[in-house]
Amino acid sequence: MDNTTRFGVSLPGDLLEEFDRKIKDKMYANRSEAIRDLIRDFLVREKWEGSSHDVYGSLTLIYDHEIRGISDKLTGIQHHDHTHIVSTMHIHLDQQNCMEMMAIKGKASDVKKIADRLISTKGVKHGKLVMTAL
Ligand code: NI
């Protein structure tokens, strides 16, 4: 990096200690590397929030397929929003649990809305949306 700028940051000691512990867990080589990632993540988020450009989301859902009607309900939502759902991968985790991973494309507000609808479906145990923009 030829245009690197160094800057100092003042932080309470305990906050820095916790940060150092966390970035060690996440296997960052150093603080600079971790802070660069945090800044990029912040800027990407700022960019897509309120943007009219397309963003890309990956949504992971965990659910119990033995709950009556849940598979149909989740498939129904995906068909309803088929213009935004790029791809879906289904993994049978064990006798009971399924994982579904979806690639969603569209305006940030639309991607969020679709993800919220899927995550809030009764029987979904866990759901997480990660959004990114080019
Ligand atoms: Ni399954």
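## Exercises on a predicted model

Asn97 is found in strand E3, which spans residues 97–107. The structure treated here is a predicted model, and each exercise below is followed by a worked solution.

### Exercise 1. The surroundings of Asn97

Determine whether Asn97 is buried or exposed, and identify which side chain makes a polar contact with the side chain of Asn97.

Solution.

1. The relative accessibility of Asn97 is 13%. Buried means a relative accessible area under 20%, so Asn97 counts as buried.
2. Setting aside the neighbours within four places in sequence, the contacts of Asn97 are Tyr63, Asp64, Ile91, His92 and Lys125.
3. Lys125, one of these contacts, supplies the polar partner: its side chain and that of Asn97 make a polar contact at 2.6 Å.
4. A C-alpha distance adds to the picture: Asn97 and Ile62 are 35 residues apart along the chain, and their C-alpha atoms are separated by 6.9 Å.

### Exercise 2. The polar partners of Gln78

State where Gln78 lies, classify it as buried or exposed, and find which side chains make polar contacts with its side chain.

Solution.

1. Gln78 belongs to helix H3, which covers residues 70–80.
2. With a relative accessibility of 11%, Gln78 counts as buried.
3. Beyond four places in sequence, Gln78 is in contact with Ile85, Thr88, Glu100, Met102 and Leu118.
4. Among these residues, Thr88 makes a side-chain polar contact with the side chain of Gln78 at 2.7 Å.
5. The side chain of Glu100 also makes a polar contact with the side chain of Gln78, at 2.8 Å.

### Exercise 3. Met27 and its backbone

Establish what the phi angle of Met27 is, in which loop the residue lies, and whether Met27 is buried or exposed.

Solution.

1. The phi angle of Met27 is near 65 degrees, which is a positive value in a residue other than glycine.
2. Met27 is located in the loop between helix H1 (13–25) and helix H2 (31–48).
3. Its relative accessible area is 74%. Exposed means over 50%, so Met27 is classed as exposed.

### Exercise 4. Val130 and Leu134

Classify Val130 and Leu134 by accessibility, and list which residues each contacts beyond four places in sequence.

Solution.

1. Val130 is part of strand E4, whereas Leu134 lies in the segment after that strand, which spans 124–132.
2. Val130 has a relative accessibility of 48% and counts as partly exposed.
3. Leu134 has a relative accessible area of 80% and is exposed.
4. The contacts of Val130 are Tyr56, Gly57 and Ser58, leaving aside neighbours within four places in sequence.
5. Leu134 touches Lys47 and Tyr56, residues up to four places away in sequence not being counted.
6. Two C-alpha separations complete the description. Val130 and Gly69, 61 residues apart along the chain, are separated by 26 Å. Leu134 and Lys105, 29 residues apart in sequence, are 12 Å apart in space.

### Exercise 5. The overall form of the chain

Describe the order of the secondary structure elements, and explain why the protein is described as more spread out than a compact globule.

Solution.

1. The protein has 4 helices and 4 strands.
2. Read from the N terminus, the elements follow the order α-α-β-α-β-β-α-β.
3. The radius of gyration is 19 Å, whereas the globule rule gives 14 Å for 134 residues; the value is well over that of the rule, so the protein is more spread out than a compact globule.
4. Along the principal axes, the C-alpha atoms fill a box of roughly 55 × 35 × 25 Å.

### Exercise 6. Burial, contacts, surface and charge

Find what percentage of the residues counts as buried, and how far apart the mean positions of the positive and negative charges are.

Solution.

1. Of the 134 residues, 26% count as buried.
2. The protein exposes about 9,900 Å², of which carbon and sulfur atoms supply 53%.
3. Among contacts between residues at least 6 apart in sequence, 65% join residues at least 24 apart.
4. The protein has 20 positive and 20 negative charges, and their mean positions are 2 Å apart.

Methods
Residues numbered from 1 in each chain as written. Predicted model: local features only at pLDDT ≥ 70, side-chain atom pairs only at ≥ 80, totals over all residues. Heavy atoms only, no water. Helix = DSSP H or I, 4+ residues; strand = E, 2+ residues; numbered from the N terminus. Rg over C-alpha atoms; globule rule 2.2 N^0.38 Å. Buried < 20%, exposed > 50% of the residue type's maximum accessible area, 1.4 Å probe, protein only. Contact = heavy atoms within 4.5 Å. Areas by Shrake-Rupley, 256 points an atom, 1.4 Å probe, with all protein chains shown as cover. Lys, Arg positive; Asp, Glu negative; His and termini not counted. Charge placed at Lys NZ, Arg CZ, Asp CG, Glu CD. Polar contact = N/O pair within 3.5 Å; in protein donor to acceptor, adjacent residues only side chain to side chain.
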